[in-house]
Amino acid sequence: MNVWIAIGATALGCYLVKLAGLLVPAGALERPSVKRLAALLPVALLAALTAQQTFADGHALTVDARAVGLAAAAVALLLRAPFLVVVGAAVVVTAGVRALTG
């Protein structure tokens, strides 16, 4: 039963966040600082998620094949490769390092 309480609380929380977003006055959303924050926030969240998934292993900091794959993706980005090539490079390099290191 606790799972259903958690699901209900999550659904209610999502609805309340959506409602709060609709209740914000339009004038507040047109300010330059809010627009700048809205443009930069997704990039910051994606970077944080990438760092957490790459360098975290439970509660410990780790550097393994994922870090090498991330470095390969960064090089592909610097070379202005298309997105699928960037992802493919990260996957191939990570798999290669894992195959070589066991």
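Here are some short exercises, with worked solutions, on the predicted model shown above.

**Exercise 1. Work out how the span of helix α1 compares with the expected value, and how many of its residues are buried.**

Solution.
- Start with the extent: α1 covers residues 2-23, which makes 22 residues.
- Next, take the distance from the first C-alpha to the last, which is 31 Å.
- Set this against the 32 Å expected at 1.5 Å a residue, and the two values turn out to be close.
- Finally, look at the covering of α1: the count of buried residues is zero, and the helix is hardly covered.

**Exercise 2. Describe how α3 and α4 pack, and classify the residues that make the contact.**

Solution.
- Two numbers describe a packed pair of helices: the angle between the axes and the distance between them.
- For α3 (residues 32-55) and α4, the angle is about 140 degrees and the axes are 8 Å apart.
- Angles over 145 degrees would count as roughly antiparallel, so α3 and α4 are classed as oblique to each other.
- On the α3 side, the contact is made by Thr50, Gln53, Thr54 and Phe55, while α4 supplies Arg66, Ala67 and Leu70.
- Sorted by class, this contact has three nonpolar, three polar and one charged residues.

**Exercise 3. Find the salt bridges and say how accessible each partner is.**

Solution.
- Side chains of opposite charge can pair when their charged atoms come close.
- With a cut-off of 4 Å between nitrogen and carboxyl oxygen, the count is two salt bridges.
- One joins glutamate 30 to lysine 35, with the closest N and O atoms 3.4 Å apart.
- Glutamate 30 is exposed because its relative accessibility is 52%, whereas lysine 35, at 45%, is partly exposed.
- Arginine 66 and aspartate 64 form a salt bridge too, and here the closest N and O atoms are 3.2 Å apart.
- Both of these partners are partly exposed: arginine 66 has a relative accessibility of 24%, and aspartate 64 has 30%.

**Exercise 4. Is threonine 94 buried or exposed, and which residues does it touch?**

Solution.
- Begin by placing the residue: threonine 94 lies in helix α5, which runs over residues 83-101.
- Its relative accessibility is 14%, so threonine 94 counts as buried.
- Leaving out residues up to four places away in sequence, threonine 94 touches Ala65, Arg66 and Gly69.

**Exercise 5. Place alanine 56 in the structure, then give its accessibility and its contacts.**

Solution.
- Alanine 56 belongs to strand β1, residues 56-57.
- With a relative accessible area of 23%, alanine 56 is partly exposed.
- Beyond residues up to four places away in sequence, alanine 56 touches Ala51, Thr62 and Arg66.
- You have met Arg66 before: threonine 94 touches it as well.

**Exercise 6. What is notable about the phi of arginine 80, and where does this residue sit?**

Solution.
- The phi of arginine 80 is near 60 degrees, a positive value in a residue other than glycine.
- Arginine 80 sits in the loop between α4 (65-78) and α5.
- To finish, check its accessibility: at 76%, arginine 80 counts as exposed.

Note on methods: Residues numbered from 1 in each chain as written. Predicted model: local features only at pLDDT ≥ 70, side-chain atom pairs only at ≥ 80, totals over all residues. Heavy atoms only, no water. Helix = DSSP H or I, 4+ residues; strand = E, 2+ residues; numbered from the N terminus. Buried < 20%, exposed > 50% of the residue type's maximum accessible area, 1.4 Å probe, protein only. Contact = heavy atoms within 4.5 Å. Expected span 1.5 Å × (residues − 1). Axes fitted to C-alpha atoms, helices over the stretch in contact; angles between N-to-C directions. Parallel < 35°, antiparallel > 145°, perpendicular 65-115°, else oblique. Nonpolar A, V, L, I, M, F, W, Y, C, P; charged D, E, K, R; others polar. Salt bridge = Lys/Arg side-chain N within 4 Å of Asp/Glu carboxyl O.
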